[in-house]
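I am opening a notebook on a structure that is new to me, and I will write down what I looked up, entry by entry. The sequence and the model come first.

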Amino acid sequence: MPADTAARVAIQTEDFDLSTETARLRGSDGEVGAVVSFVGTVRDGGGSLSCMELEHYPGMTEAAIEAMVDEAFRRFEIRAARVIHRVGPLAPGAQIVLVLVASRHRGQAFEACEFLMDYLKTQAPFWKKEHTAEGARWVDARESDDAALARWGIASANAAA
């Protein structure tokens, strides 16, 4: 029986629990031999960041991430995937994103997880604002994120020139 794929994407304000989400992903699938996870956290910006605020376009963001997950299933031999991305104000150290991938073998799970993270960094419709003592500023995409996606054969030009 395949792993649970019904709830593949969640955009939420509340935190997530890695072990709970991993158990949900695996379900009762006896063919899962590997689960790879990525948990992203809010960096403190050298102590200057008071808050990272994330905004999204409800409906559009979930659909875009669902399409990313569909693409991961096309490219890799995976059994299940789950992406949770938090929105709203997040303090330094807070969990911001979770990507979980289950497969029969670790190689495919690692690749699919990395692919999904590279795709999320450049293609998911989120807007990030950093709040510091000096004020607030929107965070632009980085050239290194575009380059990471390019290695999967996907062109992106999100970074500010």
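Which are the buried residues of α2? I put this to the model, which is a predicted one, and the buried residues of the helix turned out to be T61, I65, M68, V69, E71 and A72.

**Entry on helix α2**

I noted that α2 covers residues 60–75, so 16 residues in the count, and that the helix reaches 23 Å from its first C-alpha to its last, close to the 22 Å expected at 1.5 Å a residue. Looking down the axis of α2, I found its buried residues within an arc of 155°, so they line one face of the helix. I then looked up what covers these buried residues, and the list includes the strands β1 (9–12), β3 (49–56), β4 (78–86) and β7 (126–132), together with the helix α3 (106–123).

**Entry on the whole chain**

I stepped back to see where α2 sits, and counted four helices and eight strands in the protein chain. Read from the N terminus on, the elements run β-α-β-β-α-β-β-β-α-β-β-α. The protein chain has 161 residues, of which 43% count as buried. For contacts between residues at least 6 apart in sequence, I recorded that 74% join residues at least 24 apart. The accessible surface of the chain comes to about 8400 Å², and carbon and sulfur atoms hold 50% of that surface.

**Entry on helix α3**

I turned next to α3, one of the elements covering the buried residues of α2. The 18 residues of α3 should span 26 Å at 1.5 Å a residue, and its end C-alpha atoms are 25 Å apart, which agrees. Its buried residues are A109, A112, C113, F115, L116, M117, D118, Y119, L120 and T122.

**Entry on aromatic rings**

How many aromatic pairs does a search of the whole structure find? The search finds two. I described each by the usual two values, since a pair of aromatic rings is described by the distance of the centres and the angle of the planes. F76 and F115 form a tilted pair, with 5.7 Å from centre to centre and 55° between the planes. This pair links distant parts of the chain, as F76 is in the loop between α2 and β4 while F115 is in helix α3, 39 residues apart. F115 and Y119 form a stacked pair, at 5.4 Å centre to centre and with 20° between the planes. Both F115 and Y119 lie in helix α3, four residues apart, which is about one turn of the helix. I therefore wrote down F76, F115 and Y119 as one aromatic cluster.

I also checked burial here, and F76 and F115 are both buried. F115 has a relative accessibility of 0% and so counts as buried, and Y119 is buried with a relative accessible area of 18%, where the limit for that word is under 20%.

**Entry on cysteines**

I looked for disulfides and recorded that the structure holds zero. Two cysteines went into the notebook for their burial: C51 counts as buried at 17% relative accessibility, and C113 counts as buried at 5%.

**Entry on three single residues**

Is E21 buried or exposed? E21 lies in helix α1 (residues 18–26), and this residue is buried, with a relative accessible area of 7%. Leaving out residues up to four places away in sequence, I found E21 touching R82, I84, L98 and L100.

I96 is in strand β6 (residues 95–103) and is buried, with a relative accessible area of 10%. I96 and R86 are 10 residues apart in sequence, and their C-alpha atoms are 5.2 Å apart in space. With residues up to four places away not counted, I96 touches F16, G40, T41, V42, L54, I84, H85, R86 and L90.

V139 is in the loop between β8 (135–138) and α4 (143–150), and I noted this residue as partly exposed, with a relative accessible area of 31%. V139 and K129 are 10 residues apart along the chain, and 5.7 Å separates their C-alpha atoms. Setting aside neighbours within four places in sequence, I found V139 in contact with K128 and E130.

Technical notes:
Residues are numbered from 1 along each chain as its sequence is written. This is a predicted model: local features need pLDDT of at least 70, side-chain atom pairs count only at pLDDT 80 or more; totals for chains, interfaces and linings use all residues. Side-chain values use heavy atoms; hydrogens and water are left out. A disulfide is a pair of cysteine sulfur atoms within 2.5 Å. Buried means under 20% relative accessible area, exposed over 50%, partly exposed in between (1.4 Å probe, protein chains only). Helices (H or I, at least four residues) and strands (E, at least two) are DSSP runs, numbered from the N terminus. The expected span of a helix is 1.5 Å times one less than its number of residues. The arc is that of the directions from the helix axis to the C-beta atoms. Contact means heavy atoms within 4.5 Å. Rings of Phe, Tyr and Trp (its six-membered ring) pair if their centres lie within 6.5 Å; planes under 30 degrees apart count as stacked, over 60 as edge-to-face and the rest as tilted. Accessible areas come from the Shrake-Rupley method with a 1.4 Å probe; for residues, only the protein chains shown count as cover.
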